[in-house]
Amino acid sequence: MATVLKEPSRTFNEYLLIPGYSSAEARPENVSLKTPVVKFRKGEEPALSMNIPLTSAVMQAVSDDGMAVALAKEGGISFIFGSQSIESQAAMVRKAKRAKAGFVPSDSNLTPDSTLGDVLDLKERKGHSTIAITEDGTADGKLLGIVTSRDYRLSRMSMDTKVSEFMTPFEKLIFGKDGITLSEANDIIWDNKLNQLPIVDDNQRLTAFVFRKDYDSHKEHPLELLDADKRYVVGAGINTRDFKERVPALVDAGVDIMTIDSSEGYSEWQAITLKWIRDTYGDTVKVGAGNVVDADGFNFLADCGADFVKIGIGGGSICITREQKGIGRGQASAVLEVAQARDEYYKKTGVYIPICSDGGIVYDYHIALALAMGADFIMLGRYFARFEESPSAKLMVNGNYVKEYWGEGSARARNWQRYDLGGDAKLKFEEGVDSYVPYAGPLHDNVALTLNKVKSTMCNCGVLSIPEFHKNAKLTLVSAVSIVEGGAHDVILKEVSGRTSNSR
């Protein structure tokens with residue numbers, strides 16, 4: 001006879017936090033959102049932590065190299081989608097890793113034989129006024145000069161004028177040597193009243209630019225997540241089919257952490273993948289696994305060597321796995337059970353394995369609930385898909401800007417590997433939909449607002465860190481009528497310009 005769980009499958013919407021005693025120290029500016037990403041032994045520090053508990057989902061419409069840099073600047077990690085060729089994914093990782101904090105790879109490049117018309121066309125396409133002139137027109141070619149808007153006058157020059165005739169040649173440039181620190185580069189910029197400083201190696205090959213305007217940007221991101229070489233921390237998704245080829249390519253590209261991207265992680269396929277990674281790399285390569293929804297799934301992946309375990313099946317806004325296959329669990333119930341299993345595993349073994357709540361987030365306060373229930377960090381798809389930095393197209397629909405957002409199990413993504421159960425290498429039926437989400441602007445502003453809400457909630461509960469939240473949070477189930485009571489009711493709302501919903 002089938003086992004039937006007595007407790008209903010519950011969502012975040014069914015819970016509220018009970019406020020705790022708030023001391024005078026319980027202020028948002030005193031809250032730390034630092035959280036471990038990979039397993040560690042009691043008394044030791046994790047090899048990788050985040051400064052904010054947010055990661056972006058392993059999805060075509062969410063996580064590319066642009067999102068990786070944008071989220072790392074805020075202190076989180078983006079997992080670059082794996083439903084692409086190994087070469088393409090590795091190139092994205094490599095590009096994000098090259099975007100060293102403050103050191104920007106040149107993406108506007110021409111040769112000396114290019115024309116003023118080429119300069120204007122490139123400026124129009126890229127939006128940048130600084131163009132590197134290299135021997136072969138590549139971003140890392142031998143630097144021969146630079147063109148900025150101060151080097152030409154449209155009223156007095158022909159469109160077919162060669163760049164070599166008006167560029168500032170290398171001999172007249174002030175430059176920095178490869179290996180220079182960001183502080184040293186900024187000192188040169190300020191001492192010489194420059195707008196940009198090219199960085200070149202011993203062979204005069206261009207490696208990056210440091211821009212004056214980025215100085216303030218750098219100061220605006222005090223939580224940016226960097227590796228030992230001051231490069232952004234970057235994640236990537238892998239599957240259980242081509243991992244023997246994909247993992248080495250990603251490691252060679254410099255990836256910091258990977259996760260097995262699967263709709264259901266309690267499987268021999270994940271055990272095989274994790275064993276191969278451990279046999280090949282030991283603990284030097286960090287990899288998470290999942291997704292699971294109960295203690296059995298967590299313990300299985302923990303014993304297989306996962307660095308973190310991802311929770312959630314069928315709770316994503318574009319996921320229809322529950323409709324199609326009848327499997328899954330309410331996200332709140334899943335997080336609560338897996339968190340308890342994580343704590344019991346820690347007591348038994350002395351090894352703490354972080355857990356990631358993936359799916360089920362509709363409102364900002366759901367992030368706080370997931371953390372209170374025991375999640376160490378959250379993975380978000382729709383939330384990040386709305387921002388300027390996501391890779392999908394921005395469109396005008398019915399008078400409003402939206403961004404395209406589609407599931408990995410949709411016919412558009414055709415990520416059959418994520419739903420692989422062996423057999424034919426194809427998507428047998430859809431487990432995701434193709435949709436739009438409201439455009440929300442830049443990531444930086446939105447993440448700051450969301451995390452201010454989370455910090456404020458934590459202060460109301462009298463806690464100043466995520467571990468304290470795990471230990472001291474008090475939750476209550478809510479009834480349908482209390483949910484209605486919690487919103488604006490029995491009033492006539494005024495139309496307020498700029499009013500927005502925090503619905504995710």
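## Close-up views of a predicted model

**View 1. Asp229 and Arg231 in a salt-bridge network.** Asp229 has a relative accessibility of 47%, so it counts as partly exposed. The model shown here, as in every view below, is predicted. The Asp229 side chain meets that of Arg231 in a salt bridge, with an N to O distance of 3.8 Å. Arg231 is partly exposed too, at 28% relative accessibility. If you widen the view a little, Asp229 and Arg231 turn out to belong to a network of salt bridges that also takes in Lys97, Asp227 and Asp256.

**View 2. A salt bridge between helices H1 and H2.** Among the 20 salt bridges that the structure holds, this one joins the side chains of Lys95 and Asp65, at 3.9 Å from N to O. The pair links distant parts of the chain: Asp65 sits in helix H1 (residues 65-74) and Lys95 in helix H2 (residues 86-98), 30 residues apart. Is Asp65 buried or exposed? With a relative accessible area of 15%, Asp65 is buried, because the cut-off for a buried residue is under 20%.

**View 3. The Glu388 and Lys394 pair.** Glu388 and Lys394 form a salt bridge whose closest N and O atoms are 3.9 Å apart. Both partners can be judged by their accessibility: Glu388, at 42%, counts as partly exposed, and Lys394, with a relative accessible area of 40%, is partly exposed as well.

**View 4. Helix H1 packed on helix H13.** Here H1 meets helix H13 (residues 443-460), with the two axes 10 Å apart and an angle of about 40 degrees between them. That angle makes H1 oblique to H13. As for handedness, the crossing of H1 and H13 is right-handed. To find the contact, look for Met67, Ala70 and Glu74 on the H1 side, and for Leu443, His444 and Val447 on the H13 side. By class, the residues of this contact are four nonpolar, one polar and one charged. The spacing of such contact residues is a friendly reminder of helix geometry: an α-helix has 3.6 residues a turn, so residues three or four places apart point the same way.

**View 5. Helices H2 and H6 side by side.** The axes of H2 and H6 come within 8 Å and cross at roughly 20 degrees. H2 and H6 are therefore roughly parallel to each other, since angles under 35 degrees fall in that class. Their crossing is right-handed. H2 contributes Ile86, Gln89, Ala90, Val93, Arg94 and Lys97 to the contact, and H6 contributes Glu245, Arg246, Ala249, Leu250, Asp252 and Ala253. Which classes of residue make up the contact of H2 with H6? There are six nonpolar, one polar and five charged residues. Lys97, listed here for H2, also takes part in the salt-bridge network of View 1.

**View 6. Glu245 in helix H6.** Glu245 lies in helix H6 (residues 243-253). With 48% relative accessibility, Glu245 counts as partly exposed. For a sense of distance across this view, the C-alpha atoms of Glu245 and Met92 are separated by 16 Å, while the two residues are 153 residues apart along the chain.

**View 7. The buried residues of helix H8 and what covers them.** Which residues of helix H8 (residues 295-304) are buried? They are Ala295, Gly297, Phe298, Leu301, Ala302 and Cys304. Their cover includes two helices, H7 (268-281) and H10 (331-349), along with strands S16 (287-292), S17 (309-311) and S19 (355-358). Just after H8 comes Gly305, with a positive phi of about 105 degrees.

**View 8. A cis peptide bond at strand S16.** Gly290 and Asn291 are joined by a cis peptide bond, with omega at about 10 degrees. Asn291 has its place in strand S16, which is also part of the cover over the buried residues of H8 in View 7.

**View 9. Positive phi in two loops.** Gln204 is not a glycine, yet its phi is positive, at about 70 degrees. You will find Gln204 in the loop between strand S12 (196-200) and strand S13 (206-211). Asn398, another residue other than glycine, has a positive phi near 55 degrees. The place to look for Asn398 is the loop between strand S21 (394-397) and strand S22 (400-406). At 75% relative accessibility, Asn398 counts as exposed.

Methods
Residues numbered from 1 in each chain as written. Predicted model: local features only at pLDDT ≥ 70, side-chain atom pairs only at ≥ 80, totals over all residues. Heavy atoms only, no water. Salt bridge = Lys/Arg side-chain N within 4 Å of Asp/Glu carboxyl O. Helix = DSSP H or I, 4+ residues; strand = E, 2+ residues; numbered from the N terminus. Buried < 20%, exposed > 50% of the residue type's maximum accessible area, 1.4 Å probe, protein only. Axes fitted to C-alpha atoms, helices over the stretch in contact; angles between N-to-C directions. Parallel < 35°, antiparallel > 145°, perpendicular 65-115°, else oblique. Left-handed = near helix turned anticlockwise from the far one by under 90°. Contact = heavy atoms within 4.5 Å. Nonpolar A, V, L, I, M, F, W, Y, C, P; charged D, E, K, R; others polar.
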